[in-house]
Amino acid sequence: MKPSRLAFALSTVVLAAATAVAQGKGSLRIAAIDVEGGQATLFIAPTGQSLLVDTGWPGRNGRDADRIVAAAKEMGLTRIDTVLLTHYHTDHAGGVPQLVDRIPVGTFLDHGDRYPQDPNSPQDYDDYLKVIASGKSKRVTVKAGDKLPIAGFDAIAISSAGKVMDAALPGAGKPNALCANAPAPAEDTQENGQSLGILLRFAGLKIVDGGDLTSDRERMLVCPANKIGPVDLMIVSHHGIDWSSSPIFIKSLAPRVAIMDNGSRKGASTSVIDTLRSSPRIEALYQLHLAPPAGSPNPGGTKQEGPDHNVPDEFLANPAGTDGKRIDITITPNGAIDVRNERTGDTKHFPRG
Ligand SMILES: [Zn+2]
């Protein structure tokens, strides 16, 4: 082969390799999409199969559905195979009608009937039922402990409809010494405590996403035995509001990387940030938004902190007055975690722990 041809062939190989890296070949790709204090987290398996956890808020001219579709298309999708609704609050399930207007959805997974005592947002559940009645998408209800009935992912429901899984995950289930002094919170009587929480396994790593699961159910998962054990990546429950993400849950799971889907006026409680920062194996915490200073108007009614509690700028997707930027995570087949801040373009590499 002539040198020029060899150079061409080599450059083709290099290009192909670069393209494979860019597309995350063999990797699990995750996008924490900014829906401003709601949830929309997109998982794409190496096979191309997709799982969207929650759909953001309704209204706003389809802002959240547009952001989800933009992320999906950028990641190479033309449809979403599965949408998992953790629960029926408007910041999670409200975006369903606008989403299905914009992109086909194969199947919805959920925890079953809406919790009847919850006074919040019954309309969103009714609108979801109308979407299912249209026949365009299937509906499957998942029980705690079930393996998720979806292709491409190794995932289990750790919680659903107020219950948690009976059995511990393989390798977990040891008595938890942290339980002795941990408070036993009152039972949540809204949709949050019904959350369909999931744990995914990939490349020997564990990824947890509890939706808005509350501290009472979190305690059932880790006391008296820790049924989950250490995890590598945590989508921080309930946007970092302090009636979820209890110290015992975070310290028992000891995530290495945590992503908080807070809004500019919601979540990111001081105590949750402090707990994550002091958690035994933590390497990085990312926030989707800068939390406002203490004393700012706060419709969520949670305790928020001064700017000194926010993560450094490089771990922040959306500083004050900005929105819409994602945190993208790639888990490689050899178990490394790469986290990219869409705003800064910076990617941080966390080798297998
Ligand atoms: Zn929520």
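In this predicted model, Ala157 stands opposite Ile198, a residue of strand E10. The pair belongs to a wider pattern, since strand E7, which covers residues 154-160, is joined to E10 by 5 bridges, and the two strands run antiparallel. Both take their place in an open sheet of 8 strands, whose order is E8-E7-E10-E11-E13-E14-E15-E16 and whose pairing is mixed. At the edges stand strand E8 (163-164) and strand E16 (316-318), each of which has a single partner strand, so that one side of each is left without a neighbour in the sheet. Helix H8, formed by residues 270-277, packs on this sheet and touches E13, strand E14 (257-260) and strand E15 (284-289), while the direction of the helix makes about 165° with that of E14.

From the sheet we turn to the metal site. The zinc ion is coordinated at 2.1 Å by Asp91 and Asp212 through OD atoms, and by His92 and His239 through NE2. Along the chain these donors follow the spacing D-H-x119-D-x26-H. His92 lies in helix H3 (residues 90-93), whereas His239 lies in the loop between strand E13 (233-235) and helix H7 (247-253), and the pair therefore ties together parts that are 147 residues apart in sequence. Both His92 and His239 are buried. As for the geometry, the angles among the 4 donor atoms run from 84 to 152°, and the site is classed as irregular; four donors would count as tetrahedral only if all angles lay between 85 and 135 degrees.

A covalent link is found elsewhere in the chain. A search of the whole structure finds 1 disulfide, which joins Cys179 to Cys223 with an S to S distance of 2.1 Å. The link of Cys179 and Cys223 is left-handed, with -100° about the S-S bond. Cys179 lies in the loop between strand E9 (174-175) and strand E10 (197-202), and Cys223 in the loop between helix H6 (215-222) and strand E12 (225-226), so this pair ties together parts that are 44 residues apart in sequence. Cys179 counts as buried because its relative accessibility is 11%, and Cys223, with a relative accessible area of 12%, is buried as well.

Helix H6 also holds Ser215, a residue that is buried, with a relative accessible area of 10%. When its neighbours within four places in sequence are left aside, Ser215 is in contact with Pro185, Trp243, Ser244 and Ser246.

Conventions: Residues numbered from 1 in each chain as written. Predicted model: local features only at pLDDT ≥ 70, side-chain atom pairs only at ≥ 80, totals over all residues. Heavy atoms only, no water. Donors = N, O, S within 2.8 Å, 3.2 Å for Na, K, Ca; no water. Tetrahedral: all angles 85-135°; square planar, octahedral: opposite > 155°, others 65-115°. Helix = DSSP H or I, 4+ residues; strand = E, 2+ residues; numbered from the N terminus. Buried < 20%, exposed > 50% of the residue type's maximum accessible area, 1.4 Å probe, protein only. Disulfide = S-S within 2.5 Å. Contact = heavy atoms within 4.5 Å. Pairing = 2+ DSSP bridges. Axes fitted to C-alpha atoms, helices over the stretch in contact; angles between N-to-C directions.
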